[in-house]
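Please look through the sequence and the model below before reading on. The report that follows takes up a few parts of the structure in turn.

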Amino acid sequence: MRKILFTLCAAVALMCMSCKTTAEVNTLQGKKVLLVYGGWDGHQPKECMALLRPWLESRGAEVVTSEKLDVYTDKAFMQTVDLTVQCWTMGQITGEQEKGLTEAVRDGMGLAGWHGGLGDAFRNNTDYQFMVGGQWVAHPGGIIDYDVDIKDKKDPVTRGLKRFHMKSEQYYMHVDPSVKVLATTTFNGEEGSPWIKGVVMPVVWKKSYGSGRVFYSSLCHSASDFEVPEALEIMKRGIEWAVK
């Protein structure tokens with residue numbers, strides 16, 4: 001019996017050490033991260049990227065920035081990129097640019113973004129929306145108070161987090177049912193759209209697209225919204241997950 005208990009204890013200790021080691025692995029070390037930003041200025045793409053860049057570099061990532069979508073057409077370069085973080089609300093993307101981005105993700109590059117910078121970009125491009133997993137359609141009431149509920153409490157992106165509050169745009173989206181939903185929000189129907197009262201909407205999700213990983217959070221209309229610790233932590237963890 002004593003031998004069995006010792007064996008079990010040793011096995012548990014090994015599992016704990018393994019979990020700790022996994023948690024401490026820096027997935028961004030030595031990775032090339034492309035920051036692409038532009039489009040509508042209302043979502044403060046420059047300011048938001050300026051918040052994320054120092055953190056990415058502190059994690060050992062090689063950061064490259066682009067304010068032009070033509071970077072997606074450079075296949076040789078895109079093949080060297082491990083992750084693209086995009087903040088480009090609305091705007092237009094050419095067929096060649098869209099193909100370059102979607103092919104890079106299908107081939108294994110990660111893609112991450114938030115709010116309109118990923119979920120309300122290139123409204124006429126359905127292949128792009130298919131890749132992202134959702135598309136913005138409304139934010140009733142504009143800047144309002146709402147809560148975010150953690151749906152998956154075991155996933156590395158949301159583990160340890162609890163329900164938190166936002167004062168920002170609450171995105172109503174058309175969402176691909178195949179995405180893995182990590183957090184949701186519930187509409188109260190009091191912002192001029194009573195028919196959506198009680199609707200539970202995905203806020204944070206992740207998905208696969210070919211060999212690539214796609215992470216999305218609808219949070220953070222402006223750079224100051226990242227002052228909500230949970231919103232920033234979710235974005236950071238999502239970026240780290242998206243890098244294989």
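## A strand inside the structure

How many of the seven residues of strand 3 (residues 83-89) are buried, and is the strand enclosed or left open by the rest of the structure? In this predicted model, seven of the seven residues are buried, so strand 3 is largely enclosed by the rest of the structure. The burial concerns both faces of the strand, since Leu-83, Val-85, Cys-87 and Thr-89 are buried on one side, while Thr-84, Gln-86 and Trp-88 are buried on the other.

Strand 3 has a parallel neighbour in strand 1 (residues 32-39), to which it is joined by seven bridges, and within this pairing Leu-35 has Val-85 of strand 3 as its bridge partner. Strand 4 (residues 110-114) also runs parallel to strand 3 and is joined to it by four bridges, with Thr-84 finding its bridge partner in Leu-111 of strand 4. Together with helix 4, strand 3 and strand 4 make up a β-α-β unit that is right-handed.

## The sheet as a whole

Strands of a sheet pair through backbone hydrogen bonds, and they may do so in a parallel or an antiparallel way. Here, nine strands form an open sheet with mixed pairing, and their order is 2-1-3-4-11-10-9-6-7. At the edges stand strand 2 (62-66) and strand 7 (164-169), each of which has a single partner strand, so one side of each is left without a neighbour in the sheet. From one strand to the next, the twist averages 25 degrees.

## The second largest pocket

Rolling a probe the size of a water molecule over the atoms shows where empty space is left. The second largest pocket has a volume of about 210 Å³, and of the 14 residues that line this pocket, Lys-75, Met-78, Gly-100, Glu-103 and Ala-104 are the closest to its centre.

Two helices, helix 3 (75-78) and helix 4 (95-106), each supply at least two residues of this lining, and helix 4 gives the most, with five residues. Helix 4 is thus named twice in this report, as part of the lining of the second largest pocket and as part of the right-handed β-α-β unit with strand 3 and strand 4. When the lining of this pocket is divided by class, five residues are nonpolar, four are polar and five are charged.

## An enclosed cavity

The count of cavities of 30 Å³ or more comes to one, and the space in the largest cavity is about 30 Å³. The lining of the largest cavity consists of Pro-140, Ile-144, Gln-170, Phe-187, Asn-188, Gly-189, Glu-190, Glu-191, Ser-193 and Ile-196. By class, this lining has four nonpolar residues, four polar residues and two charged residues.

## Two residues with positive phi

His-115 is a residue other than glycine with a positive phi, near 45 degrees, and it is found in helix 5 (residues 115-119). The relative accessible area of His-115 is 1%, and because buried means under 20% relative accessible area, His-115 is buried.

Cys-220, also a residue other than glycine, has a positive phi near 75 degrees. This residue is found in the loop between strand 11 (212-217) and helix 7 (229-242), and at 1% relative accessibility Cys-220 counts as buried.

Methods
Residues are numbered from 1 along each chain as its sequence is written. This is a predicted model: local features need pLDDT of at least 70, side-chain atom pairs count only at pLDDT 80 or more; totals for chains, interfaces and linings use all residues. Side-chain values use heavy atoms; hydrogens and water are left out. On a 1 Å grid over the protein atoms alone, a cavity is a set of points where a 1.4 Å probe fits but cannot get out, and a pocket is an open set with protein on both sides within 12 Å along at least five of seven lines; lining residues have an atom within 4 Å of a point. Grid points are joined across faces, edges and corners, and a volume is the space filled by probe spheres set on the points. Ala, Val, Leu, Ile, Met, Phe, Trp, Tyr, Cys and Pro count as nonpolar, Asp, Glu, Lys and Arg as charged, and the others, Gly among them, as polar. Buried means under 20% relative accessible area, exposed over 50%, partly exposed in between (1.4 Å probe, protein chains only). Two strands pair if DSSP finds at least two bridges between them. A crossover is right-handed if, with the strands pointing away from the viewer, the path from the first strand over the helix to the second runs clockwise. Axes are lines fitted to C-alpha atoms, for helices over the stretch in contact, and angles run from 0 to 180 degrees between N-to-C directions.
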